[in-house]
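This report describes the strand pairing, burial and internal space of one protein chain. The sequence and the coordinates are shown first.

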Amino acid sequence: EYMGTSLCQEMLGTVQELEKRSMLGLLLVLLVVTLDVSAQGFVDVVVSSGPQGLDGLDPSVAYDAVTGRALIATRNSANNDKLSVFSCSGADCEHTDASANAVGTGSLSAVLDSVNRRLLIAASTASTFVPAVFSCSVGSSTLGECVYHDISAGQQAFSGFDPCALVDVANARLLVVTQNYARTGGPSLFLCNLTNTVSGCIHRDLSAGQTNQSGFYPSA
């Protein structure tokens with residue numbers, strides 16, 4: 001209402017079109033909304049790595065305030081479901097294969113470690129669905145080396161569904177919450193140290209006595 005009825009209707013139509021594209025899994029599309037009433041503008045930026053499509057599944061974005069770039073992690077079905085990252089400033093995007101030669105991934109959660117200048121992407125591995133983290137150095141426009149870390153801390157297969165990542169800057173720790181089907185589908189926390197790498201991960205059961213399937217779509 002603040003931006004005007006016509007603009008809201010136009011945005012709704014664009015979002016509905018993006019939803020159609022997303023359902024088809026054709027391209028990764030970034031919708032940038034400008035909350036400037038005088039400009040009343042938004043742009044629909046296609047950031048796909050190529051014409052083959054299917055490279056924008058399960059996207060998750062982190063914003064780098066230092067470089068002003070959006071860092072978009074996706075599951076790239078055009079590359080055997082491996083991890084891709086698109087580093088974008090406006091319509092200028094660069095693609096990086098961030099898989100570190102690891103197997104394909106499931107759902108993703110990207111967060112920026114601003115202290116160590118690394119993009120941390122929590123994922124569930126496609127083979128065993130345990131939680132993992134891909135840690136990539138962040139440059140001025142593209143990503144540097146990416147490293148794969150198993151953060152399962154002894155938890156069994158299917159312990160890493162729907163990961164959600166959060167950086168505790170004060171204590172230099174990474175927190176990843178998941179739905180843990182190895183423990184009747186309850187919520188689990190995987191807690192890791194952040195120095196120059198991801199290390200010393202431990203597991204905590206968060207279910208607090210709740211019954212089966214109490215951990216759907218966790219968020220932190």
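## Pairing of β8 with β9

Alanine 123 has alanine 132 in β9 as its bridge partner. The model in which this pair occurs is a predicted one. The pair belongs to an antiparallel arrangement in which seven bridges join β8 to β9. The two strands form a hairpin with five residues between them. Within that turn, phenylalanine 129 has a positive phi of about 55 degrees.

Alanine 132 has a further partner, since it also stands opposite aspartate 150 in β10. Strand β9 covers residues 131–138 and strand β10 residues 143–150, and the two pair in the antiparallel sense over six bridges. A hairpin of four residues joins β9 to β10.

## Pairing of β8 with β7

Strand β8 also pairs with β7, in the antiparallel sense and over seven bridges. Here the bridge partner of serine 109 is alanine 122 in β8. The hairpin of β7 and β8 has four residues between the strands, and arginine 117 takes a positive phi near 55 degrees in it.

## Burial of β8 and the surroundings of leucine 119

Which residues point each way from β8? Arg118, Leu120, Ala122 and Ser124 point one way, while Leu119, Ile121, Ala123 and Thr125 point the other way. Residues on both sides are buried, and the strand as a whole is mostly covered, with eight of its eight residues buried.

Leucine 119 lies in this strand, which spans residues 118–125. Is leucine 119 buried or exposed? Its relative accessible area is 0%, under the 20% limit, and therefore leucine 119 counts as buried. Not counting residues up to four places away in sequence, leucine 119 touches Ala62, Leu71, Val85, Ala110, Val111, Leu112, Phe134, Ser135, Cys136, Val138 and Leu143. One of these contacts, phenylalanine 134, is 15 residues from leucine 119 in sequence, and the C-alpha atoms of the two are 7.9 Å apart.

## Glycine 104 in the loop before β7

Glycine 104 is found in the loop between β6 (92–97) and β7 (105–113). This loop residue is buried, with a relative accessible area of 9%; the assignment follows because buried means under 20%.

Among residues more than four places away in sequence, glycine 104 touches Asn80, Asp81, Lys82, Thr125 and Ala126. Its C-alpha atom is separated by 8.6 Å from that of serine 77, which is 27 residues apart from glycine 104 along the chain.

## The sheet from β3 to β6

Four strands form an open sheet in the order β3-β4-β5-β6, with antiparallel pairing. β3 (57–64) and β6 stand at the edges with a single partner strand each, so one side of each is left without a neighbour in the sheet. The twist from one strand to the next averages 20 degrees.

Six bridges join β3 to β4, a strand of residues 69–76, and the two run antiparallel. Serine 60 stands opposite alanine 73 in β4.

## The sheet from β11 to β14

Another open sheet is formed by four strands in the order β11-β12-β13-β14, and its pairing is antiparallel. Each of the edge strands, β11 (161–168) and β14 (198–205), has a single partner strand, so one side of each is left without a neighbour in the sheet. On average, neighbouring strands of this sheet are turned by 20 degrees against each other, direction ignored.

β11 pairs with strand β12 (residues 173–180) in the antiparallel sense over six bridges. In this pairing, phenylalanine 161 has glutamine 179 in β12 as its bridge partner.

## Internal cavity

How many cavities of 30 Å³ or more are counted? The count comes to one. The largest cavity has a volume of about 30 Å³.

The lining of the largest cavity consists of Asp113, Asn116, Arg118, Leu120, Ser135, Leu194, Thr195, Asn196, Thr197 and Val198. By residue class, this lining divides into three nonpolar, five polar and two charged residues. Arg118 and Leu120, both in the lining, are among the residues that point one way from β8.

Definitions and conventions
Residues numbered from 1 in each chain as written. Predicted model: local features only at pLDDT ≥ 70, side-chain atom pairs only at ≥ 80, totals over all residues. Heavy atoms only, no water. 1 Å grid on protein atoms, 1.4 Å probe; cavity = no way out; pocket = protein on both sides within 12 Å on 5 of 7 lines; lining within 4 Å. Points joined across faces, edges and corners; volume = space filled by probe spheres on them. Nonpolar A, V, L, I, M, F, W, Y, C, P; charged D, E, K, R; others polar. Buried < 20%, exposed > 50% of the residue type's maximum accessible area, 1.4 Å probe, protein only. Contact = heavy atoms within 4.5 Å. Pairing = 2+ DSSP bridges. Axes fitted to C-alpha atoms, helices over the stretch in contact; angles between N-to-C directions.
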